[in-house]
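Reader: I would like to go through this structure with you. Please tie each label to its criterion.

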Amino acid sequence: MRVSFYTFLFSILIYPFCNAQKTLEAKRVSSLIEVDGHIDEEVWKDAEIATDFTTTQPEYGKTPEQNTWVRVLYDDEAIYVSALMEEVSRDSIMTELSERDNVGNTDLFSIIIDTYGNGTDGVTFVVQSTGVQYDALKSNNGGEDDSWDAVWFSGVQLSDDGWTCEMKIPYSALRFPKKESQEWVINFARRQTRKNMMSLWSPLDPEVNGVFTQSGLLVGIKDIEPPIRLSFSPYFSAYALHNKDVNSTPVNNMGFRYNGGMDVKYGINDAFTLDMTLIPDFGQVESDDNVVNLSPFEIRFDEKRPFFTEGVELFNKAGIFYTRRIGGDPLNYWAVEDEIAENEMIESNERVPQLYNTTKISGRNKKGLAIGFLNAVEAPTYATIRNTENDEVREILTQPLTNYNVTVFDQNLKNNSSVSIINTNVFRKGREFYDANVTGIEFDIKDKKQNYSIYGEGAVSVQSFAEADNNVGHKMELEFAKISGKINYWIGYSEESPDYNPNDLGFLRAPNERNFGFGGTYRIFEPFGQFNRANFWFNYNYNRVIDPDAFTGMFFNTGFWMQSKGFWNFNMWANFSPDRYDYFEPRTPGRYLKNPTFYNAGIWVGTDNRKKLRLSLFVFAYNLEEEGRWGYEIGLNPRYRFNDRLSVYLDSEYGIQYDDTGWVDFGANDEIIMGQRDRLSIENLMGFEYKFNHLMTLDTRIRHYWDRALYQTFHALEEDGTLADFDYDRNRDYEFNFFTIDMNFRWRFAPGSDLFLNWKNSIAGGHDREMIDIGDIGYFDSFGNFDNYFQNNSLSLRVVYFLDYLNLKKLM
């Protein structure tokens with residue numbers, strides 16, 4: 001999930017100067033309310049008012065110059081919220097359009113609700129002055145899952161002296177206990193962007209941990225029933241596909257594909273919901289930001305498929321679940337080349353398995369017990385092999401029919417503490433494939449005043465083989481921390497055994513590690529000098545491997561972040577690590593590469609985000625205490641808003657590493673061959689965003705990544721981790737490109753219903769080894785070679801229509 005504006009917002013909210021919890025009474029109504037932003041129905045006049053907001057930024061604890069009045073009504077179908085917000089003029093209201101679930105440079109009004117009052121999680125609903133909606137699941141620590149989408153209604157009206165907002169939140173969009181009288185934890189927030197000012201009805205102390213634990217209370221809602229929460233979202237998609245490969249016959253291939261399926265949501269009871277997708281289609285998700293990976297570790301990519309981003313926070317306990325494993329590379333995808341004869345060629349090797357269905361059940365009952373269940377069934381995948389002599393074709397099974405399952409129980413305890421148990425399981429059909437199981441536990445114990453916490457997690461992994469011994473490993477982590485106040489600190493220990501492997505349904509870069517660390521943070525919340533606030537920190541880590549039991553290094557980190565009164569942001573950091581011993585880079589158990597003392601430092605500066613032109617710049621440099629080994633990276637990110645509809649941005653990074661040392665090959669006599677290379681990488685990301693209105697948007701994202709490495713010397717790795725001269729005559733130089741275009745048009749033509757028109761283009765290719773002199777190829781030269789690289793194009797149309805059972809019932 002990405003870090004949203006609201007995650008930052010609620011990390012700096014403030015507590016009221018009196019400890020009494022604010023309350024607001026909702027008024028029952030029977031008359032019809034038109035949700036259009038005009039607060040002109042008579043029933044609004046009799047409702048109790050929530051006012052007396054308190055600022056949280058740029059300075060907390062102040063009374064805003066412009067007032068805000070909030071009222072809440074309810075009936076048997078929904079709750080209704082209205083907000084009347086004063087402003088000095090119409091021009092003072094910022095109104096940059098954005099896509100749904102994105103926050104633009106705009107004023108806004110929001111509410112957060114915890115219907116069970118457990119103080120751990122809830123939901124937030126936001127309406128911007130443009131009418132654009134934002135909603136998310138919210139945790140007590142301020143984290144958000146903005147992939148969660150509910151169907152609700154809102155309207156805004158702007159005038160010369162302010163703006164108004166109306167919301168209708170159907171009970172079908174909420175989970176709440178079945179009882180006669182409801183009491184919901186609630187808070188209201190307002191942003192005035194021209195001042196960069198946030199204010200809340202029930203402010204929260206930035207020195208005290210917790211969002212819901214410091215919010216107000218909504219009372220007076222009586223005799224409402226949790227509705228039948230049942231909805232269907234059938235979809236249809238059509239693709240026109242084209243790929244080009246100059247090394248195949250024919251060079252160009254075209255085709256068409258049609259898909260259909262359905263998403264289903266069903267409220268099992270007042271607390272638990274079933275989500276199911278039948279024959280899912282993720283062909284329109286944004287392209288991954290691929291890079292050239294020379295490290296011994298797998299690269300972790302963000303999840304972008306809607307079903308696997310929405311409401312999965314519960315499944316993240318103990319850090320053993322990585323959603324990209326479902327529908328990811330087949331188990332033996334990369335082993336196919338080793339299974340073909342000299343007279344055979346790979347005709348096709350399916351990389352994206354078809355998911356038959358995915359099912360998710362989640363919720364939390366009134367006793368604070370959350371239960372999560374996720375299951376996915378994946379179709380078998382095959383590689384097709386063709387005999388070049390007799391033209392015979394055979395298939396290799398790269399992954400059998402596979403079932404993925406995750407089950408989790410999370411119990412709330414006193415003082416917003418919790419304990420969780422989670423299990424992941426992968427079952428593969430057939431004795432030639434192994435199964436995998438990981439069981440984990442996580443706990444977070446806090447004191448009554450939310451000043452201190454003890455956090456821990458542990459897991460045991462088992463890979464079960466039909467004709468071999470099982471592979472069993474473990475991990476554990478324990479941390480004590482001070483979590484409130486201006487001064488925070490932590491101390492912790494963690495380890496992963498050599499045989500710990502959760503990667504069938506989780507993600508771990510490397511096991512066989514033991515780490516000890518501590519650190520502290522000093523936070524300033526009050527304005528000082530030319531700054532609004534600041535953070536200063538220091539961290540230390542001591543690292544070892546378990547087998548063999550050996551020291552690998554220690555790491556010191558310090559830095560600060562400051563925000564000026566002009567809303568510029570400054571971040572500086574520095575790191576130091578004495579001699580290190582890398583047991584992973586040699587790709588051989590028990591062997592290590594000795595690296596010299598390492599220093600680095602960096603600075604990041606970002607200008608005021610409210611301006612039409614915003615710039616951010618970072619510079620990072622490092623040096624190793626060995627002649628010629630150093631590097632740097634520079635990044636520039638300008639963004640320009642032409643108007644409230646059109647904006648463009650560029651994110652450019654340039655990095656170079658001199659004498660970067662890494663594994664290259666194994667010699668004829670099992671030597672570990674290391675290379676020292678000069679590596680240059682350039683990445684440019686350009687985006688165009690045009691918003692026709694608050695329901696219709698067009699976004700374009702163009703990315704080009706180029707990487708070149710020129711090897712200077714080759715060495716054999718000695719037993720003591722040093723490098724010896726070695727006569728290696730292969731050329732390992734390379735240059736490589738990844739180029740992608742993602743263009744997406746979205747139209748929300750009805751509540752919960754969308755039309756997507758999407759174009760995706762990807763180009764990947766380069767030169768390596770003895771093909772040509774790689775040093776003669778520069779960044780701009782690479783563009784001229786695009787026509788020779790493999791290309792994929794897809795143009796697709798996807799229509800999703802939301803059907804709600806309650807609305808269908810009214811029509812019957």
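Author: Start with the yardstick. The globule rule is 2.2 Å times the number of residues to the power 0.38, and the radius of gyration is taken over C-alpha atoms. The model is predicted.

Reader: What makes the radius of gyration of the protein agree with that of a compact globule?

Author: For 812 residues the rule gives a value near 28 Å. The protein has 28 Å, so the two agree. Along its principal axes the C-alpha trace spans about 90 × 65 × 55 Å.

Reader: How many of the residues count as buried?

Author: Buried means under 20% relative accessible area. Of the 812 residues, 51% are buried. The accessible surface comes to about 37200 Å², and carbon and sulfur atoms hold 54% of that surface.

Reader: What share of the contacts joins residues 24 or more positions apart?

Author: Among contacts with a separation of 6 or more, that share is 64%.

Reader: Why are β2 and β10 called edge strands?

Author: Each pairs on one side only. Pairing takes at least two bridges between two strands. The open sheet runs β2-β4-β5-β11-β10, with mixed pairing. β2 covers 27–28 and β10 covers 153–159.

Reader: How do you know that β10 and β11 pair?

Author: Two strands pair if there are at least two bridges between them. β10 and β11 (residues 162–170) have seven, in the antiparallel sense. The criterion asks for at least two bridges, so seven bridges make them a pair. V156 has C165 in β11 as its bridge partner.

Reader: Which side chains carry charge, positive or negative, and in what numbers?

Author: There are 79 positive and 120 negative side chains. The centres of the two sets lie 8 Å apart.

Note on methods:
Residues numbered from 1 in each chain as written. Predicted model: local features only at pLDDT ≥ 70, side-chain atom pairs only at ≥ 80, totals over all residues. Heavy atoms only, no water. Buried < 20%, exposed > 50% of the residue type's maximum accessible area, 1.4 Å probe, protein only. Contact = heavy atoms within 4.5 Å. Areas by Shrake-Rupley, 256 points an atom, 1.4 Å probe, with all protein chains shown as cover. Lys, Arg positive; Asp, Glu negative; His and termini not counted. Charge placed at Lys NZ, Arg CZ, Asp CG, Glu CD. Helix = DSSP H or I, 4+ residues; strand = E, 2+ residues; numbered from the N terminus.
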